Amino acid sequence: MSHAPSSLFEVRVAKESFKFNAAHFVAFRGFRERLHGHNYTCAVRLLGGRRISSDGYVLDFGDAKAVTKKICKELNEHFLCPMHSDVLDITVERSERGGGKQDVRIVCEDGAVFLFPREDCFMLPIVHATAEEIAIYLWSRILEELHAPTLIKRGIHTMELKVAEAVGQEAVFRYPVPTGNECAPLDVASFIMGEDVPVEPCQAAKLSESEIWQSPRKVVTKECCAECGKGASKLEGKLQLLVDSVNEGAVRTCILAGRKCEVEDLKKIMSGTV
């Protein structure tokens, strides 16, 4: 008995009009980028089932294009302000320009202060103005416009959003389309790990036992994670063993006995075998 080959439909929409020019800077504990901008682009991918709808579409390209272009236009030529930042003090205040205008004041962890006209800012419900979090925001907005129940009826179970800051530099967010009638915006913070993770691997964690002893200056003393100071604590511990031995241990015994302390004696002390 022959079987029809399995099928899986999807559509992807990526147009030149899916773009927005915006300024931003990424800030997290102990770090802040300089203010800069990107010519962002985005693309939408909708994953369907084994059959298409009665109109022959997974989803009309025109519907996806209209919604995505509209949302990109909302962000265009704005400063992307991460309203849920845990290191930026963001306030909206009355502007000295008068006329009932407002300004957005941002005080950074390093003491830097920015003042933007409110109308030049797009207040985003994100924690960091990264491509990843912008992709989550755009995913929610596009889903809101396309209407999740409609997508589910058409067999679309997952939507993917790609945001690029430049050619070859992009973030992708893929998430199931909710099946309920209500579709609340995604909580960006829920996608962020609750622990501090350094941008670069902790240097202390890379140090071997021999490196600590051969190059003490390599030992990291500034803490950036749980591993930080690992090398310093190792070195300090070894030195304490040596001090104890000089004061009242094997080294002192050697000196009192009139015997020279050899390298092998120190190795035993450092290894804790004496």
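**Exercise 1. The whole chain**

How much accessible surface does the protein chain have, and what share of it belongs to carbon and sulfur atoms?

*Solution.* Keep in mind that the model is predicted. Step one: take the surface. The accessible surface of the protein chain is about 17100 Å². Step two: take the share. Carbon and sulfur atoms account for 52% of that surface. Step three: turn to the residues. The chain has 274 of them, and 36% count as buried. Step four: list the secondary structure. There are eight helices and 12 strands. Step five: look at the contacts. Take those between residues at least 6 apart in sequence; 60% of them join residues at least 24 apart.

**Exercise 2. The nonpolar cores**

Find which residues of the largest nonpolar core touch the most other members.

*Solution.* Start with a general point. In soluble globular proteins, nonpolar side chains tend to be buried together. Now the case at hand. The largest nonpolar core holds 42 residues. Those touching the most other members are Phe 20, Leu 80, Leu 138, Met 159 and Val 163. Helix H2, residues 131-146, gives this core its largest share, with 10 residues. Another core lies apart from it and has 14 residues, including Phe 25, Val 87, Leu 88 and Cys 121.

Next, follow Leu 80. Set aside its neighbours within four places in sequence. Its contacts then include Phe 20, Ala 22, Tyr 40, Phe 122 and Ile 134.

**Exercise 3. A pair between two strands**

Describe how Glu 10 and Arg 45 meet, and explain what the pair ties together.

*Solution.* First, the distance. The closest N and O atoms of Glu 10 and Arg 45 are 2.6 Å apart, and the two residues form a salt bridge. Second, the places. Glu 10 sits in strand E1 (residues 10-13), Arg 45 in strand E5 (residues 36-47), so the salt bridge ties together parts 35 residues apart in sequence. Third, the exposure. Glu 10 is partly exposed because its relative accessibility is 39%.

Now check the neighbour, Val 11. It also lies in strand E1. Val 11 counts as buried because its relative accessibility, 12%, is under the 20% cut-off. Its C-alpha atom is separated from that of Arg 45 by 5.7 Å, although the two are 34 residues apart along the chain. Beyond four places in sequence, Val 11 is in contact with Val 44, Arg 45, Leu 46, Val 58 and Phe 61.

**Exercise 4. Two more salt bridges**

The count comes to 14 salt bridges. Compare the places of two: Arg 154 with Asp 55, and Arg 141 with Glu 144.

*Solution.* Begin with Arg 154 and Asp 55. Their N to O distance is 2.7 Å. Arg 154 is in the loop between helix H3 and E11, while Asp 55 is in the loop between E5 and helix H1. These two residues are 99 apart, so the pair links distant parts of the chain. Asp 55 is partly exposed, with a relative accessible area of 42%.

Move on to Arg 141 and Glu 144. Their N to O distance is 3.1 Å. Both lie in helix H2, three residues apart, about one turn of the helix. Arg 141 is buried, at 12% relative accessibility. Glu 144 is partly exposed, at 49%. Last, widen the view. Arg 141 and Glu 144 are linked with Lys 70, Glu 74 and Glu 145 in a network of salt bridges.

**Exercise 5. A buried charge**

Which side chain of opposite charge is nearest to Glu 165, and how far away is it?

*Solution.* Step one: place the residue. Glu 165 is in strand E11, residues 158-166. Step two: look for a partner. Glu 165 is buried yet has no salt bridge. The nearest side chain of opposite charge is Lys 162, 15 Å away. Step three: look for polar contacts. The side chain of Glu 165 makes one with the side chain of Gln 169, at 2.7 Å. Step four: list the surroundings. Outside four places in sequence, Glu 165 is in contact with His 24, His 38, Asn 39, Tyr 40 and Ala 131.

**Exercise 6. A serine in helix H2**

Is Ser 140 buried or exposed, and which residues does it touch?

*Solution.* Ser 140 is in helix H2. It is buried, with a relative accessible area of 10%. Not counting residues up to four places away, Ser 140 touches Pro 185 and Leu 186. A polar atom of the Ser 140 side chain lies 3.0 Å from the backbone nitrogen of Leu 186.

Terms used
Residues numbered from 1 in each chain as written. Predicted model: local features only at pLDDT ≥ 70, side-chain atom pairs only at ≥ 80, totals over all residues. Heavy atoms only, no water. Helix = DSSP H or I, 4+ residues; strand = E, 2+ residues; numbered from the N terminus. Buried < 20%, exposed > 50% of the residue type's maximum accessible area, 1.4 Å probe, protein only. Lys, Arg positive; Asp, Glu negative; His and termini not counted. Salt bridge = Lys/Arg side-chain N within 4 Å of Asp/Glu carboxyl O. Polar contact = N/O pair within 3.5 Å; in protein donor to acceptor, adjacent residues only side chain to side chain. Contact = heavy atoms within 4.5 Å. Core = buried A, V, L, I, M, F, W, Y, C linked by side-chain atoms within 4.5 Å. Areas by Shrake-Rupley, 256 points an atom, 1.4 Å probe, with all protein chains shown as cover.
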